[in-house]
Amino acid sequence: MECKKARTMIEACRKDREFAAHLEVCADCRGELALWDLLGEAQGLEPGLEFTERVLEKVKEEGRQTSWRDIKDMLGRCFIWSGTLDEFSDFPPDSFGAVLFGSRRD
Amino acid sequence: MGSTLEYNDKSDEELMALIARRDYNAVATLVSRHQRGLLNLFYRYTNDRLLAEDLTQEVFLRVYKSAPLYEARSLFKVWLYRIAKNVCLNELKALRILEKLPEQKTETESPQEEMIRAEREIRVRQAIEMLPERQRLALILRRFQGLSQEETAEVMETTSEAIEGLLARAKAKLRSALADLQQ
């Protein structure tokens with residue numbers, strides 16, 4: 001096994017015989033593994049139940065806001081459409097008719 | 001909507017399809033599945049528990065918002081960590097990350113052992129924190145999040161060779177910073 005392969009697979013290979021044999025003859029990779037283990041001393045956190053509930057509450061709040069935004073968008077579109085329909089309610093406009101048919105006052 | 005227990009067997013991709021339909025049990029399952037990984041990614045990146053919690057929450061909000069547009073083109077984990085990467089690299093720049101002491105303690109240690117362990121842990125955390133952003137993120141994804149080199153490259157939107165380079169430089173710096181602890 002080459003060092004390059006050993007280092008890319010350092011976690012997966014930990015129990016691998018070939019990797020173990022490589023470690024015995026390679027001080028560089030032993031150092032690599034030692035560093036990898038040392039980094040493990042930076043312990044992790046365990047998320048508490050309170051944290052999980054806070055995240056879920058925030059997501060629900062976002063969901064409620066999104067629903068309200070959707071309703072507002074829909075209402076906004078309705079108003080735009082009703083405004084557009086108003087424009088056509090006096091169709092054809094007087095001026096349009098005058099152009100097409102001429103002004104007939106007699 | 002069923003109980004969250006029913007959701008435990010579902011894949012992340014199936015949960016995302018349910019979340020797109022605003023199923024909160026699916027959200028709860030996804031959060032419980034990935035919160036630890038994300039929280040620790042941010043904690044190791046920022047060395048600040050409260051900030052890590054806020055950032056984790058931010059990622060889940062983004063997941064929820066983008067669920068209707070989600071397409072399972074790559075591994076869900078890669079997609080999720082890519083969001084986290086964007087939060088780390090783009091949005092944390094403006095924030096000044098203050099140094100915090102580690103908060104976790106092991107109950108079974110004697111006070112002296114505990115002090116030695118805590119000191120070592122602070123040193124390791126500080127050494128990680130001193131790394132440039134991309135080196136730090138690549139190292140955390142590989143060492144702590146269990147991502148392969150290829151997955152790390154996908155998350156960071158770069159090549160596997162680039163990740164190898166980032167890791168090599170990160171490890172060289174760490175080796176030098178932590179030389180006395182390795183003896």
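I count a residue as buried if 20 or more other C-beta atoms lie within 10 Å of its own. The model I am looking at is predicted.

**Entry: chain A**

I applied that cut-off to chain A, and of its 106 residues 8% count as buried. I then listed the secondary structure and found 5 helices and 0 strands in chain A. Read from the N terminus, the order of elements is α-α-α-α-α.

**Entry: chain A against chain B**

I looked up which residues make the contact between the chains. Chain A puts in 23 residues and chain B puts in 34 residues. On the side of chain A that touches chain B, the elements giving two or more residues are α3 (27-39) and α4 (49-89) of chain A. I note that α4(A) gives the most to that side, with 10 residues. Sorted by class, the side of chain A that touches chain B has 12 nonpolar, 5 polar and 6 charged residues.

**Entry: helix α5 of chain B**

I moved to chain B and checked the length of α5(B) before looking at its packing. At 1.5 Å a residue, its 16 residues should span 22 Å, and the end C-alpha atoms of α5(B) are 22 Å apart, so the two values agree.

Which residues of α5(B) are buried? I get W79(B), L80(B), Y81(B), A84(B), K85(B), V87(B) and C88(B). These buried residues pack against α3 (24-46), α4, α7 (133-143) and α8 (149-155) of chain B. I followed up two of these partners, α4(B) and α7(B), among the elements on that list.

**Entry: α4(B) with α5(B)**

Two packed helices are described by the angle between their axes and the distance between the axes. I looked up both for this pair. The axes of α4 (residues 49-66) and α5 (residues 76-91) of chain B come within 10 Å and cross at roughly 125°. The two helices, α4(B) and α5(B), are therefore oblique to each other. I recorded the crossing of α4(B) past α5(B) as right-handed.

From α4(B), the contact is made by L55(B), E58(B), V59(B), R62(B) and V63(B). From α5(B), the contact is made by L80(B), I83(B), A84(B) and V87(B). By class, the contact of α4(B) with α5(B) has 7 nonpolar, no polar and 2 charged residues. L80(B), A84(B) and V87(B) are also among the buried residues of α5(B).

**Entry: α5(B) with α7(B)**

I repeated the lookup for α5(B) and α7(B), which pack at an angle of about 150°, with their axes 11 Å apart. That angle makes α5(B) roughly antiparallel to α7(B). Their crossing is right-handed.

On α5(B), I listed Y81(B), K85(B), C88(B) and L89(B) as the contact residues. On α7(B), I listed E133(B), L137(B) and L141(B). The contact of α5(B) with α7(B) has 5 nonpolar, no polar and 2 charged residues. Y81(B), K85(B) and C88(B) also appear among the buried residues of α5(B).

**Entry: α3(B) with α7(B)**

I then took α7(B) with α3(B). These helices pack at an angle of about 140°, with their axes 10 Å apart. I recorded a right-handed crossing for α3(B) past α7(B). In this contact, L41(B), R44(B) and Y45(B) of α3(B) meet R136(B), L137(B) and I140(B) of α7(B). By class, I have 4 nonpolar, no polar and 2 charged residues in the contact of α3(B) with α7(B).

**Entry: L139(B)**

I picked L139(B), which lies in helix α7 of chain B. Is L139(B) buried or exposed? I count L139(B) as buried, because 24 other C-beta atoms lie within 10 Å. Leaving out residues up to four places away in sequence, L139(B) touches I128(B), L131(B), L167(B) and A170(B). I also looked up its separation from E157(B): the two are 18 residues apart in sequence and 15 Å apart in space, C-alpha to C-alpha.

**Entry: I163(B)**

My last lookup was I163(B), in helix α9 (residues 160-177) of chain B. I163(B) is buried, since 26 other C-beta atoms lie within 10 Å. What does I163(B) touch, not counting residues up to four places away in sequence? I find A138(B), Q149(B), T152(B), A153(B), M156(B) and T158(B). From C-alpha to C-alpha, I163(B) and L51(B) are 26 Å apart in space, and they are 112 residues apart in sequence.

Note on methods
Residues numbered from 1 in each chain as written. Chains lettered and ligands numbered in written order. Predicted model: local features only at pLDDT ≥ 70, side-chain atom pairs only at ≥ 80, totals over all residues. Helix = DSSP H or I, 4+ residues; strand = E, 2+ residues; numbered from the N terminus. Buried ≥ 20, exposed ≤ 12 C-beta atoms within 10 Å, placed from the backbone. Contact = placed C-beta atoms within 7 Å. Nonpolar A, V, L, I, M, F, W, Y, C, P; charged D, E, K, R; others polar. Axes fitted to C-alpha atoms, helices over the stretch in contact; angles between N-to-C directions. Parallel < 35°, antiparallel > 145°, perpendicular 65-115°, else oblique. Left-handed = near helix turned anticlockwise from the far one by under 90°. Expected span 1.5 Å × (residues − 1).
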